[in-house]
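Subject: Structure for your review

Dear colleague,

Please find below the structure that I am handing over to you. My findings follow it, beginning with the strands and ending with the cavities.

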Amino acid sequence: MPPPRPYTLVAELSYQCPLHCPYCSNPVDIAGDRYRAELETEHWTRVFREARALGVVQLALTGGEPMLRRDLDELVAAGRAGGLYSTLVTAGTLLTRERAERLKEAGLDHVQVSIQSPDPEENDRIAGIRSFEKKIAAARAARELGFPLTINCVLHRQNLDQIEEILLLTEELGAQRLELANTQYYGWAVLNQQALIPTRAQLERGEEAVQRFRARVGPRITVLWVLPDYYEDLPKPCMGGWGRSTIVVAPNGEALPCQAAATIPGVEFPNVRDHSLNWIWNASDAFTRFRGTDWMQEPCRSCPLGRQEEDWGGCRCQALRLTGDAAATDPVCKFSSHHDTVVGAREAAQTDELTYRTMRRQAGV
């Protein structure tokens, strides 16, 4: 059976970012030599063409902060020329109206602005810099220019109690979509897990608020609410399943099935400088190793619920982090012998102290 065709390309243009979010999914070792040499413009434009030929239709221009790339307008135009629907995923601090106008002229289709909290002081504390006013200005500029607007707010224990205000701010800004993604514990979020894991009561109140909001606004605003893995008994199909729908290209050109895949030892991730996207998707070990079901161990292999082709074993990076084996059943699953590690994590002693993302080298990194 031929492999599925990808439909999303996540182009991580740069890991540089003016913000210092303590839940950032970027690698903790971004200050090292591995990510120092970013792809050139011609590499990205070729990748966009090859992605479309594979079947990709959605292009996410992200990072870090993609607006720090001096060739962003050219990259947006290349995405449009390649027939891709492009989304700028930005912190908003650099998205002035003038820049937004230029990006619209280049062919940008959609803008997503992140907000850390609806409270200005809390937003700036979590982001690590003063940024709230610029974010709001960026969102307003995007709407004034006719861009479809998504507001993204990563949820965790330190902002979940403000969810009513997050919903109201989204409505005030005229956004068509709100992504409320509870923190996933990769990258910098691993270092801050005990400061970020919410309580069950917070999640229950948050979900009730979302349901009331959906009932009031109807289809005018789409609200995506994603329950954190640690409060589930069955895993999600991470990224739609390993190597099934998404290609992530890191700033240095490494092609990955998900943003955190580089944490898995023993897997060589091919570089788009050296290989075509077609070969990477169809033939590389990095994309085929955990594709499908043949690689699965027990209890996945004989899942009592028959979910092998529904959740695809859950998250490989989470399995590695919690069991030491990337091929193990995701411990979120109640049938996993390691499920107690998930239960223990959410019940562990908690703190409010944050370790902020930085481009500086960390001790021991």
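Strands here are DSSP runs of at least two residues marked E, numbered from the N terminus. Please note that this is a predicted model.

I begin with strand E7, which spans residues 222–226. One of its faces is covered and comprises Val 223 and Trp 225. The other face is uncovered and carries Thr 222, Leu 224 and Val 226.

The neighbour of E7 is strand E6, residues 177–182; five bridges link the two, and the pairing is parallel. Within this pairing, Thr 222 of E7 has Arg 177 opposite it.

Both strands belong to an open sheet of nine strands with mixed pairing. Its order reads E7-E6-E5-E4-E3-E2-E1-E8-E9. The edges are E7 and strand E9 (255–256), each of which pairs on one side only. At the E9 edge, strand E8 (residues 246–249) runs antiparallel to E9, and two bridges join them. Here Ala 255 of E9 is found opposite Val 249.

Two helices that lie across strands of this sheet deserve mention. Helix H9, residues 200–217, lies across E6 and E7, and its direction makes an angle of about 160 degrees with E7. Helix H2, residues 72–81, lies across three strands: E1 (8–14), E2 (58–63) and E3 (85–90). With respect to E2, helix H2 runs at about 165 degrees.

I turn now to the internal space. How many cavities of 30 Å³ or more does the structure hold? There are three.

The largest cavity contains about 100 Å³ of space. Its lining consists of 14 residues, and those nearest its centre are Cys 300, Cys 303, Asp 311, Thr 329 and Cys 333. Sorted by class, this lining comprises nine nonpolar, three polar and two charged residues.

The second largest cavity holds about 70 Å³. Among the residues that line it are Cys 238, Cys 258, Cys 315 and Cys 317, together with Trp 242 and Trp 312. Met 239, Gly 241, Pro 257, Gly 314 and Arg 316 also belong to this lining. Its classes are eight nonpolar residues, two polar and one charged.

In summary, the points I would ask you to inspect are the edge strands E7 and E9, the helices H2 and H9, and the linings of the largest and second largest cavities.

Yours sincerely,

A colleague

Conventions
Residues are numbered from 1 along each chain as its sequence is written. This is a predicted model: local features need pLDDT of at least 70, side-chain atom pairs count only at pLDDT 80 or more; totals for chains, interfaces and linings use all residues. Side-chain values use heavy atoms; hydrogens and water are left out. Buried means under 20% relative accessible area, exposed over 50%, partly exposed in between (1.4 Å probe, protein chains only). Helices (H or I, at least four residues) and strands (E, at least two) are DSSP runs, numbered from the N terminus. Two strands pair if DSSP finds at least two bridges between them. Contact means heavy atoms within 4.5 Å. Axes are lines fitted to C-alpha atoms, for helices over the stretch in contact, and angles run from 0 to 180 degrees between N-to-C directions. On a 1 Å grid over the protein atoms alone, a cavity is a set of points where a 1.4 Å probe fits but cannot get out, and a pocket is an open set with protein on both sides within 12 Å along at least five of seven lines; lining residues have an atom within 4 Å of a point. Grid points are joined across faces, edges and corners, and a volume is the space filled by probe spheres set on the points. Ala, Val, Leu, Ile, Met, Phe, Trp, Tyr, Cys and Pro count as nonpolar, Asp, Glu, Lys and Arg as charged, and the others, Gly among them, as polar.
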